[in-house]
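Here is a short, informal tour for anyone meeting this structure for the first time. Have a look at the picture, then read on.

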There are 2 protein chains.
Amino acid sequence: MPETSDDRPLAPFLRACRNLPGGPDDRVPVWFMRQAGRSLPEYRAVRGAGSILDAIRDPELSAEITLQPVRRYGVDAAILYSDIVVPVAAIGFGVDVAPGVGPVVERPFARAADLERLRPLDPEGDTPYVLETVRILAKELPVPLIGFAGAPFTVASYLIEGRPSRTYGKTKALMHGEPAVWHQLMERLADLAIVSLRSQVEHGARALQVFDSWAGALAPPTYEEFVLPHSRRVFEAVADLGVPRIHFGVGTGELLGLMAAAGADVVGVDWRVPLDEARRRVPADRALQGNLDPALCLAPWEVVEAAVRDVLRRNAGHPGHVFNLGHGVLPETDPSVLERVVELVHAEGRCDGPVDGEGADR
Amino acid sequence: MPETSDDRPLAPFLRACRNLPGGPDDRVPVWFMRQAGRSLPEYRAVRGAGSILDAIRDPELSAEITLQPVRRYGVDAAILYSDIVVPVAAIGFGVDVAPGVGPVVERPFARAADLERLRPLDPEGDTPYVLETVRILAKELPVPLIGFAGAPFTVASYLIEGRPSRTYGKTKALMHGEPAVWHQLMERLADLAIVSLRSQVEHGARALQVFDSWAGALAPPTYEEFVLPHSRRVFEAVADLGVPRIHFGVGTGELLGLMAAAGADVVGVDWRVPLDEARRRVPADRALQGNLDPALCLAPWEVVEAAVRDVLRRNAGHPGHVFNLGHGVLPETDPSVLERVVELVHAEGRCDGPVDGEGADR
């Protein structure tokens with residue numbers, strides 16, 4: 001049954017996000033970043049060949065794609081099928097998502113004058129299809145829907161570099177070389193994220209994830225000065241909505257404490273930092289999300305199984321754990337492996353104490 | 001004058017690598033990864049258009065390219081102009097370095113039968129040009145020459161993926177799925193590295209760097225089981241040569257202690273981990289190398305200056321610091337910025353105590 005009443009019992013995913021202890025029968029909830037997508041044959045069957053931005057403009061299709069992994073895997077949460085560049089594309093910045101490449105920008109952001117190309121987002125007028133997808137899903141989903149937005153830094157990096165980058169040289173040059181322009185750009189992108197996130201919750205999303213996927217490219221002092229204030233503003237501006245806020249990035253081992261400080265209820269951890277070590281870097285009142293290496297899902301099942309158990313063990317005894325991969329599902333992943341991961345997490349991921357008698361410090 | 005006598009005073013670079021305190025007039029030594037290369041107009045003038053592997057086969061040219069940054073910047077060490085795929089290319093595995101892409105492999109490593117394509121390296125027979133370049137440089141360089149090799153994992157990742165990867169999915173699948181084949185592959189690549197490194201020292205290199213550039217893609221337990229034993233064998237097999245051994249990778253914050261344990265005298269640190277934090281993860285008897293963000297060199301000088309001072313401060317009071325970037329020089333870097341960085345490090349990088357009265361724990 002859809003969860004539409006406010007006196008319903010809290011779903012396991014939402015409880016874990018809130019760091020609320022479960023009973024002895026409760027299990028660690030699980031979902032997968034990019035669970036909706038190329039690894040699923042049913043996705044490839046409905047998706048067609050066009051840009052992902054075209055698919056996102058079709059609410060029935062996007063809702064179906066969002067539902068597919070919930071049906072197949074029995075995951076505890078669904079993430080809206082969308083993309084972090086949807087708002088900037090919708091206001092006409094000239095962004096597309098090239099298959100096999102990622103976001104590409106026709107005229108990258110280079111100077112103060114480009115700020116004018118970033119007008120405010122009107123979700124109802126600019127992205128009505130996103131809200132319609134959310135509305136459909138709020139009715140049809142048996143689990144909470146996670147809405148999301150790109151964090152200002154990661155969206156800025158795409159706008160400035162013009163395409164995925166390994167070095168973020170132009171982004172860092174602008175940040176340090178023209179800090180006033182940088183901060184204005186970040187403010188506008190924070191506004192876009194805030195408006196987009198709020199509209200998703202108002203239409204039915206029950207949790208939010210802010211993707212600062214590439215923040216791990218920054219040294220901690222740089223993050224603290226040029227990124228944290230803007231991400232914090234995003235988190236604070238959605239606090240009143242009362243939904244859990246997840247903050248995720250890749251390679252962010254040195255930033256976990258700062259990312260928690262930005263206002264996250266749940267800190268996403270990639271596979272590079274064992275969860276017990278991540279626990280030491282994040283305040284105890286926050287939940288953690290992660291952190292199986294997605295590439296491990298290409299290995300034989302015995303290897304995956306041991307790795308899943310290891311992830312569970314490293315946060316065992318702490319109620320605040322949302323099991324996930326450390327980054328998105330790889331396209332070449334066999335869906336049956338993810339099915340078994342869900343089964344295993346549900347069977348063995350306990351919220352109320354150590355797994356297999358072993359402590360979190362193992 | 002070239003340093004060719006064994007009773008010469010130890011060069012600042014070698015002393016820092018050995019963690020030996022300097023006198024009050026001694027300064028922190030500095031060199032830059034990829035200091036020889038595309039950012040230098042004199043490099044572009046001599047380099048021509050062919051594959052880097054062709055340039056490496058020309059000892060006079062390679063020696064000249066190695067010398068260029070020493071002349072221009074006054075750095076304290078030179079690194080041989082070569083590439084980590086030179087040994088595997090030289091034994092006929094079918095590797096080239098594509099401009100703007102990186103190493104590409106015609107028939108990637110996929111199964112046990114591919115082990116036969118990795119025969120032992122005979123440096124004199126297979127890469128005589130490398131040894132000739134080293135010989136020329138040992139005579140002509142006013143500073144120590146750093147020889148190098150790719151660590152087994154990073155070379156394996158190129159052979160298996162066939163080109164640079166973001167996920168290392170195939171590498172991890174082979175590692176976990178066929179561990180026996182993986183370990184045999186790593187043994188052969190470790191043998192190649194050992195033989196290559198030894199031959200470079202025997203012909204005049206006075207320090208060694210092992211590049212495990214992409215080891216940061218691995219979770220610590222994975223690194224420990226599948227990579228560390230082989231890297232350790234490389235470090236142990238060159239210990240008797242009596243030259244400092246540097247161990248470098250990108251995004252290796254969680255691996256610094258393990259990389260030191262593999263046998264490094266000097267642990268390379270990228271810009272993501274502040275040096276004072278890196279110090280806490282590495283035994284006190286090891287030196288650190290790093291760690292200015294190379295992308296910062298694209299920012300205005302005041303920003304670079306403050307960042308250089310910050311790096312110096314964070315390891316101040318510890319004699320074991322080789323100043324470097326946290327990764328290679330970006331091609332778009334203005335050489336005059338690197339000239340000023342060298343001047344600043346030499347002017348202010350003290351080996352014997354805190355900089356500007358501030359301690360290392362700042």
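Let's begin with how chain A folds back on itself: of its contacts with a separation of 6 or more, 75% are between residues 24 or more positions apart. Keep in mind that this is a predicted model.

**Chain A as a whole**

Chain A is built from 16 helices and 9 strands. If you drew a box around its C-alpha atoms along the principal axes, the box would come to roughly 60 × 45 × 40 Å. How does the radius of gyration of chain A sit with that of a compact globule? A compact globule with 362 residues would have a radius of gyration near 21 Å, and the 19 Å of chain A agrees with that. As for the inside, 56% of the 362 residues in chain A are buried.

**Two copies, one contact**

Now for the pair. A turn of 180° with a shift of 0.0 Å along the axis lays chain A on chain B, with an RMSD of 0.0 Å. The two copies are thus related as by a two-fold rotation axis.

Where they touch, chain A puts in 26 residues and chain B puts in 26 residues. Which helix of chain A gives the most to the side that touches chain B? That is helix α9 (residues 169-177) of chain A, with 5 residues. On the side of chain A that touches chain B, you'll find 14 nonpolar, 7 polar and 5 charged residues. And 100% of the interface residues of chain A are interface residues in chain B too, so the copies meet through the same surface.

**The sheet in chain B**

Chain B holds an open sheet of 7 strands, paired in parallel and ordered β1-β4-β5-β6-β7-β8-β9. Why do β1 (78-79) and β9 (321-325) of chain B each have a side without a neighbour in the sheet? They stand at the edges with a single partner strand each, so one side of each is left free of a neighbour in the sheet.

Here are some of the parallel pairs in chain B, each with one pair of residues that belongs to it.

| Strands | Bridges | Residue pair |
|---|---|---|
| β5(B) and β6(B) | 4 bridges | Val210(B) and His247(B) |
| β7(B) and β8(B) | 3 bridges | Gly268(B) and Gln289(B) |
| β8(B) and β9(B) | 5 bridges | Asn291(B) and Asn324(B) |

Strand β8 (residues 287-292) of chain B is mostly covered, with 6 of its 6 residues buried. To reach β8(B) from β7(B), the chain crosses through helix α14 (residues 275-281) of chain B, and this β-α-β crossover is right-handed. The chain then crosses from β8(B) to β9(B) through helix α15 (residues 301-314) of chain B, in a right-handed β-α-β crossover.

**Strand β9 in chain A**

Back in chain A, is strand β9 (residues 321-325) mostly covered or mostly open? It's mostly covered: 5 of the 5 residues of β9(A) are buried. On one side of β9(A) sit His321(A), Phe323(A) and Leu325(A), on the other Val322(A) and Asn324(A), and all of them are buried, so to speak covering both faces.

Strand β8 (residues 287-292) of chain A runs parallel to β9(A), and 5 bridges join the two. In this pairing, Gln289(A) stands opposite Val322(A). The link from β8(A) to β9(A) goes through helix α15 (residues 301-314) of chain A, and the β-α-β crossover is right-handed.

Methods:
Residues are numbered from 1 along each chain as its sequence is written. Chains are lettered from A and ligands numbered from 1 in the order in which they are written. This is a predicted model: local features need pLDDT of at least 70, side-chain atom pairs count only at pLDDT 80 or more; totals for chains, interfaces and linings use all residues. Two residues are in contact if their C-beta atoms, placed from the backbone, lie within 7 Å. Ala, Val, Leu, Ile, Met, Phe, Trp, Tyr, Cys and Pro count as nonpolar, Asp, Glu, Lys and Arg as charged, and the others, Gly among them, as polar. Two strands pair if DSSP finds at least two bridges between them. The radius of gyration is taken over C-alpha atoms; the globule rule is 2.2 Å times the number of residues to the power 0.38. A residue is buried if 20 or more other C-beta atoms lie within 10 Å of its own, exposed if 12 or fewer, and partly exposed in between; C-beta atoms are placed from the backbone. Copies are superposed by least squares on the C-alpha atoms of residues with pLDDT of at least 70 in both. A crossover is right-handed if, with the strands pointing away from the viewer, the path from the first strand over the helix to the second runs clockwise.
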